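These are my notebook entries on a structure that I looked through element by element. I set down what I looked up and what I found.

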Amino acid sequence: MKVIKGGEYLIKEVSSDHIFITEEFNEEQRMMKESVIDFIDREVWPHKERFEKKDYAFTEEIMRKAGEMGFLGISIPVEYGGMGMGFVSTMLATDYMSAATGSLGTAYGAHTGIGTMPIYLYGTEEQKQKYLHDLTSGTKFGAYCLTEPGAGSDANSGKTTATLSKDGMHYLINGQKMWISNAGFAEIFIVFARIENDKNITAFIMEFDKNNPNGVTLGAEENKLGITSSSTRQVFFADTKIPVENMLSERGQGFKIALNSLNVGRIKLAAACLDASRRVIKESVVYANQRVQFKTPIAKFGAIQAKLAEMSMRAFVSDAGSYRAAKDIQNYIDDLLSKGKTHQEAELEAFSEYAIEAAILKVYGSETSQYVTDEGIQIFGGMGFSKDTPMEAAWRDARITRIYEGTNEINRLLTVGMLLKKAMNGTIDLITPAMEVGNSLVGIPSFDIPDYSERLSEEKAMIAKLKKAFLMIAGKAVQTYGMDLENHQQLVLAAAEVMIEIYMSESAILKADKLAKMTSDKEAEGQITMAKLSLYHSVNKVMDMGTEAIAYFAEGDEQRMLLMGLKRFTKYTNQPNPIAWRTNIAAKVIEANQYCF
Ligand SMILES: Cc1cc2nc3c(=O)[nH]c(=O)nc-3n(C[C@H](O)[C@H](O)[C@H](O)COP(=O)(O)OP(=O)(O)OC[C@H]3O[C@@H](n4cnc5c(N)ncnc54)[C@H](O)[C@@H]3O)c2cc1C
């Protein structure tokens with residue numbers, strides 16, 4: 001089967017055979033899932049309130065136990081102390097490990113992602129042998145020092161310096177980093193600093209021993225809105241000596257390392273939002289079933305049903321997209337390995353290939369967890385506002401996910417930026433399909449009424465039309481502004497929204513379709529309905545964003561023609577019935593008394 005490469009979903013028809021769904025987990029993955037859930041239910045969930053009390057030691061203790069269970073090196077090869085299980089397994093471990101509290105989710109994500117992956121992806125054999133065993137076993141923890149007071153989103157602008165010592169044996173690091181997760185208990189830090197006047201920063205591995213601090217001082221723990229027991233500190237360097245052999249990759253490669261490590265971090269963050277959202281939905285439906293007002297359980301009210309349905313739908317869509325991309329990445333890695341590439345080379349290439357999807361998933365996943373926790377509070381009413389129920393902490397914890405691993409604004413801009421880069425360097429041919437769509441606008445549309453009796457056939461046809469809408473809008477935007485497009489940020493954001501909606505709703509439709517093939521239409525009814533509901537919102541969003549974009553860059557006859565095209569590409573043959581769909585989805589979660597998809 002032909003591989004759908006990063007970004008190609010916009011120009012190719014993707015079938016359900018192309019995507020992986022969680023119902024296809026193999027035996028080993030099912031066992032991993034069960035053991036992580038069991039770990040969280042046993043060690044974390046019953047002590048949730050400790051995470052609200054700045055109990056950093058408890059977070060560290062759980063991380064050590066996670067190391068003993070093997071959860072810190074799922075996809076790291078066995079020769080470096082990991083389990084060698086592959087990227088889908090990494091995603092599923094992240095998914096369930098992050099379910100109970102954002103404090104642990106952040107500690108786990110920072111350690112296994114940006115704390116460990118730079119060494120795995122860019123380290124020499126000696127560096128990997130020296131550090132990965134400790135990191136995968138949880139004997140030592142990792143942190144990642146990129147952000148500075150003056151360098152946040154503009155990560156390559158950091159002022160921390162690295163100066164070669166006179167004897168040529170060390171780099172002396174001077175500067176200040178801030179917002180460093182795990183700083184309070186990490187012993188292996190990835191530090192980014194600039195050598196002389198280099199254009200790009202350089203990455204180093206720094207060992208940190210509290211008893212021999214080597215010029216390193218830690219700031220106090222930050223007072224944060226959420227993830228209260230995730231250690232977050234400033235890190236100051238004063239002539240901190242790092243041996244020259246601890247440079248990661250080469251001089252000036254740090255920015256590249258930072259970006260590629262973030263590609264992995266982003267998709268894993270999407271996974272980290274999954275079970276957290278499922279659990280919030282479960283808590284919400286249990287509450288809605290038992291809370292009585294007007295002599296009626298509130299779950300019987302349409303207003304509450306609509307919330308439960310929308311929450312479930314978003315969690316389902318996020319799951320569909322996250323595991324679809326995870327398996328695409330895994331397949332890409334396996335293919336490169338079979339062609340003789342090393343693990344390191346294969347993973348680097350694969351994460352970079354699917355960087356667009358990683359950014360999309362980070363945005364959708366984080367906004368889902370924000371939405372779900374917010375509606376969770378609303379379902380709990382006044383009790384949702386109380387620290388005595390789980391909603392309040394979940395809502396505060398969810399907020400950070402829109403900020404770290406690149407803010408959602410930056411990720412949206414990147415989604416379009418990376419696609420255009422692929423188009424410019426010829427990796428993806430956007431021009432031919434965009435021209436075809438442009439030409440079709442002047443033709444006479446077909447007035448035949450298509451046969452949409454087959455399961456999800458109208459939805460699949462709609463996805464194909466939304467892709468045309470994207471090509472029409474993006475094609476015209478590029479034609480109008482060329483390389484200056486990036487200076488029209490609101491237009492880029494509109495295009496990003498369209499890309500996100502298409503990827504996510506397509507994933508949901510293909511997942512529901514595949515599940516129905518594996519079981520039956522009846523058994524997959526909830527998933528099919530959620531896919532339809534997701535698409536309904538996507539169509540409205542594309543219409544909305546598309547109209548804004550067209551109004552901005554076209555006028556007169558051209559504007560009228562493009563708006564007509566947009567209308568054609570967003571027109572349903574059979575009128576959707578979202579109220580009935582929400583009622584149907586809600587009935588299933590209410591009956592199951594939990595998230596049941
Ligand atoms: C709890 C926590 C943990 C963290 N952990 C780590 C860590 O372990 N290691 C690490 O290195 N960093 C970490 N960070 C830092 C985090 O990655 C940054 O906060 C984030 O990248 C944003 O940078 P900033 O805070 O400087 O915001 P800014 O870059 O100042 O952004 C402020 C606002 O401006 C917007 N903006 C900025 N530039 C643009 C642009 N070009 N176009 C449009 N909008 C723009 C942003 O989207 C945002 O809305 C953490 C942060 C927090 C809060």
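The entries below cover helix packing, strand pairing and a few single residues.

**Entry 1. The model**

I note at the outset that this is a predicted model.

**Entry 2. Helix 11 against helix 12**

I looked up how helix 11, residues 355-380, packs on helix 12, residues 390-399, and found an angle of about 160° with the axes 9 Å apart. Angles over 145 degrees count as roughly antiparallel, so helix 11 is roughly antiparallel to helix 12. The crossing of this pair is left-handed. I then listed the residues that make the contact. Helix 11 contributes Ser369, Gln370, Thr373, Asp374, Gly376, Ile377 and Phe380. Helix 12 contributes Met391, Glu392, Ala394, Trp395, Ala398 and Arg399. By class, I recorded 6 nonpolar, 4 polar and 3 charged residues in this contact.

**Entry 3. Helix 11 against helix 8**

Next I turned to helix 8, residues 274-290. Helix 8 and helix 11 pack at an angle of about 15°, and their axes are 9 Å apart. Helix 8 is therefore roughly parallel to helix 11. I found a left-handed crossing here. On the helix 8 side the contact is made by Ser277, Val280, Ile281, Glu283, Ser284, Tyr287 and Ala288. On the helix 11 side I noted Thr368, Ser369, Val372, Thr373, Gly376, Ile379 and Phe380. The residues of this contact divide into 7 nonpolar, 6 polar and 1 charged.

I compared the two lists for helix 11. Ser369, Thr373, Gly376 and Phe380 appear in the contact with helix 12, and these four residues also appear in the contact with helix 8.

**Entry 4. Cover of helix 12**

Is helix 12 mostly covered or mostly open? I found that 7 of its 10 residues are buried, and I recorded the helix as mostly covered. The buried residues are Met391, Glu392, Ala393, Ala394, Arg396, Asp397 and Ala398. What covers them includes helix 4 (residues 102-114), helix 8 and helix 11. Of the buried residues, Met391, Glu392, Ala394 and Ala398 were already in my list for the contact with helix 11.

**Entry 5. Helix 15 against helix 16**

I examined a further helix pair towards higher residue numbers: helix 15 spans residues 457-481 and helix 16 spans residues 489-518. They pack at about 160°, with axes 10 Å apart, and are therefore roughly antiparallel to each other. Helix 15 passes helix 16 in a left-handed crossing. From helix 15, I listed Glu459, Lys460, Ile463, Leu466, Lys467, Phe470, Ala477 and Tyr481. They meet Leu491, Ala495, Val498, Met499, Ile502, Ser505, Glu506, Ile509 and Asp513 of helix 16. I classed the contact residues as 11 nonpolar, 1 polar and 5 charged.

**Entry 6. Strand 7 and its partners**

Which strands are joined to strand 7 by bridges? I found 9 bridges between strand 3 (residues 170-181) and strand 7 (residues 232-243), which run antiparallel. Strand 6, residues 216-218, is joined to strand 7 by 3 bridges, and this pair also runs antiparallel. Val235 of strand 7 is the bridge partner of Lys177 and also of Leu218.

I looked up two further residues of strand 7. Thr232 lies in this strand and counts as buried, because its relative accessibility is 5% and the cut-off for buried is under 20%. Beyond its neighbours in sequence, Thr232 touches Trp179, Ile180, Ala220, Glu221, Glu222 and Lys224. Asp239 is also placed in strand 7 and is partly exposed, at a relative accessible area of 46%.

**Entry 7. Positive phi values**

Most residues other than glycine have a negative phi. I noted that Asp239, not a glycine, has a positive phi of about 50°. Glu405 likewise has a positive phi, near 60°. Glu405 lies in the loop between helix 12 and helix 13 (residues 408-424) and is buried, with a relative accessible area of 14%.

**Entry 8. Glu187**

Last, I looked up Glu187, which sits in the loop between strand 3 and strand 4 (residues 188-195). Glu187 is partly exposed at 27% relative accessible area. Its C-alpha atom is separated by 5.7 Å from that of Phe141, 46 residues away along the chain. Leaving out residues up to four places away in sequence, Glu187 touches Thr139, Lys140, Phe141, Met206, Glu207 and Phe208.

Key
Residues are numbered from 1 along each chain as its sequence is written. This is a predicted model: local features need pLDDT of at least 70, side-chain atom pairs count only at pLDDT 80 or more; totals for chains, interfaces and linings use all residues. Side-chain values use heavy atoms; hydrogens and water are left out. Axes are lines fitted to C-alpha atoms, for helices over the stretch in contact, and angles run from 0 to 180 degrees between N-to-C directions. Angles under 35 degrees count as roughly parallel, over 145 as roughly antiparallel, 65 to 115 as roughly perpendicular and the rest as oblique. A crossing is left-handed if the near helix is turned anticlockwise from the far one by less than a right angle, and right-handed if clockwise. Contact means heavy atoms within 4.5 Å. Ala, Val, Leu, Ile, Met, Phe, Trp, Tyr, Cys and Pro count as nonpolar, Asp, Glu, Lys and Arg as charged, and the others, Gly among them, as polar. Two strands pair if DSSP finds at least two bridges between them. Buried means under 20% relative accessible area, exposed over 50%, partly exposed in between (1.4 Å probe, protein chains only).
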